[in-house]
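Please work through the exercises below with the sequence and the model side by side. Try each task on your own before you read its solution.

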Amino acid sequence: QVQLVESGGGLVQPGGSLRLSCAASGRAFSIYAMGWYRQAPGKQRELVARLTSGGSTNYADSVTGRFTIARDNAKNMVYLQMNNLKPEDTAVYYCNAGIPKDSSEYILLYWGQGTQVTVSS
C-alpha cells in the first residue's frame, strides 16, 4: 500500500513557474513508475509526465520542453517542475504510482488527492 500526498499547487500568472511535490509513504517506493496526471473541468484525466523506476521519462506533447519530472527515492518524493505555464495548464494535478503492464501500458495503482493549479492573469 502506498499513500500519496501532493502539494505545491496554486494560482500563477501565464509565463510563471510552479513546482509540485508528491510525498509517498509505504514500502518499495523505488519500484514504482511515478506519474503526474491532470484533469481540467469537463475533460478526461490525462498523463502529463511519467518517470519509471529505471529512470526513463515521457511527457505529453503539450508540456514537452516546459515541464520536468524528477524523483528522489531516498526521500520518497516525486516532483513536477512547471515552467512557462499557460492558461491551458489549469487543472487538478494528481500524483500516481504504477507498475508496467506491458511495454507501453501501466497499471495505475495508487493516486493522491490532487492539487489545483490555476494559470490566470
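The exercises that follow take up a sheet, a disulfide, two loop residues and a pocket.

The model is predicted, so to speak of local features a pLDDT of at least 70 is needed, side-chain atom pairs count only at pLDDT 80 or more, and totals for chains, interfaces and linings use all residues. Residues are numbered from 1 along each chain as its sequence is written, and side-chain values use heavy atoms, with hydrogens and water left out.

**Exercise 1. The sheet**

Task: Work out in which order the strands of the open sheet of four strands stand, and which strands are at its edges.

Solution. Begin with the terms: strands (E, at least two residues) are DSSP runs, numbered from the N terminus, and two strands pair if DSSP finds at least two bridges between them.

Step 1: Follow the pairs one by one. β1 and β3 are joined by six bridges and run antiparallel; β3 (residues 18-26) pairs with β8 (residues 77-82) in the antiparallel sense, again over six bridges; and β7 is joined to β8 by six bridges, also antiparallel.

Step 2: Put the pairs together, and the order β1-β3-β8-β7 of the open sheet appears. β1 (2-7) and β7 (67-72) stand at the edges with a single partner strand each, so one side of each is left without a neighbour in the sheet. From one strand to the next, the twist averages 15°, where the axes are lines fitted to C-alpha atoms and angles run from 0 to 180 degrees between N-to-C directions.

Step 3: Check single bridges. In β8, Gln81 is the bridge partner of Arg19, Tyr79 is that of Ser21, and Val78 is that of Arg71.

**Exercise 2. Faces of a strand**

Task: Find which side chains of β1 are buried, and describe how they are arranged along the strand.

Solution. Here buried means under 20% relative accessible area, exposed over 50%, and partly exposed in between, with a 1.4 Å probe and protein chains only.

Step 1: Recall the general pattern. In a regular strand the side chains alternate between the two faces of the sheet.

Step 2: Apply the pattern to β1. Val2, Leu4 and Glu6 point to one face and are buried, while Gln3, Val5 and Ser7 point to the other face and are not buried. Glu6 has a relative accessibility of 5%, which is why it counts as buried.

Step 3: Look across to the neighbouring strand. Leu4 stands opposite Ala24 in β3, and Ala24 counts as buried at 11% relative accessibility. In β8, five of the six residues are buried, so that strand is mostly covered.

**Exercise 3. The disulfide**

Task: Locate the disulfide, and decide whether its two cysteines are buried or exposed.

Solution. A disulfide is a pair of cysteine sulfur atoms within 2.5 Å.

Step 1: By this rule the count comes to one disulfide, formed by Cys22 and Cys95, whose sulfur atoms are 2.1 Å apart. The pair links distant parts of the chain, with Cys22 in strand β3 and Cys95 in strand β9 (residues 91-100), 73 residues apart.

Step 2: The torsion about the S-S bond is about -85°, so the disulfide is left-handed.

Step 3: Cys22 is buried, with a relative accessible area of 0%, and Cys95 is buried with a relative accessible area of 0% as well.

**Exercise 4. Positive phi**

Task: Compare the places of Ala28 and Asn76, and state the phi of Ala28 and of Asn76.

Solution. Most residues other than glycine have a negative phi.

Step 1: Ala28, although not a glycine, has a positive phi of about 60°. Ala28 lies in the loop between β3 and β4 (33-39), and at 42% relative accessibility Ala28 counts as partly exposed.

Step 2: Asn76, also not a glycine, has a positive phi of about 55°. Asn76 belongs to the hairpin of β7 and β8, which has four residues between the strands, and at 19% relative accessibility Asn76 counts as buried.

**Exercise 5. The largest pocket**

Task: Describe the space in the largest pocket and the residues of its lining.

Solution. On a 1 Å grid over the protein atoms alone, a pocket is an open set of points where a 1.4 Å probe fits, with protein on both sides within 12 Å along at least five of seven lines, and lining residues have an atom within 4 Å of a point.

Step 1: About 160 Å³ of space lies in the largest pocket, a volume being the space filled by probe spheres set on the points, which are joined across faces, edges and corners.

Step 2: Of the 13 lining residues, Arg38, Lys43, Glu46, Glu88 and Asp89 are the closest to the centre.

Step 3: The lining divides into two nonpolar, four polar and seven charged residues, where Asp, Glu, Lys and Arg count as charged, Ala, Val, Leu, Ile, Met, Phe, Trp, Tyr, Cys and Pro as nonpolar, and the others, Gly among them, as polar.
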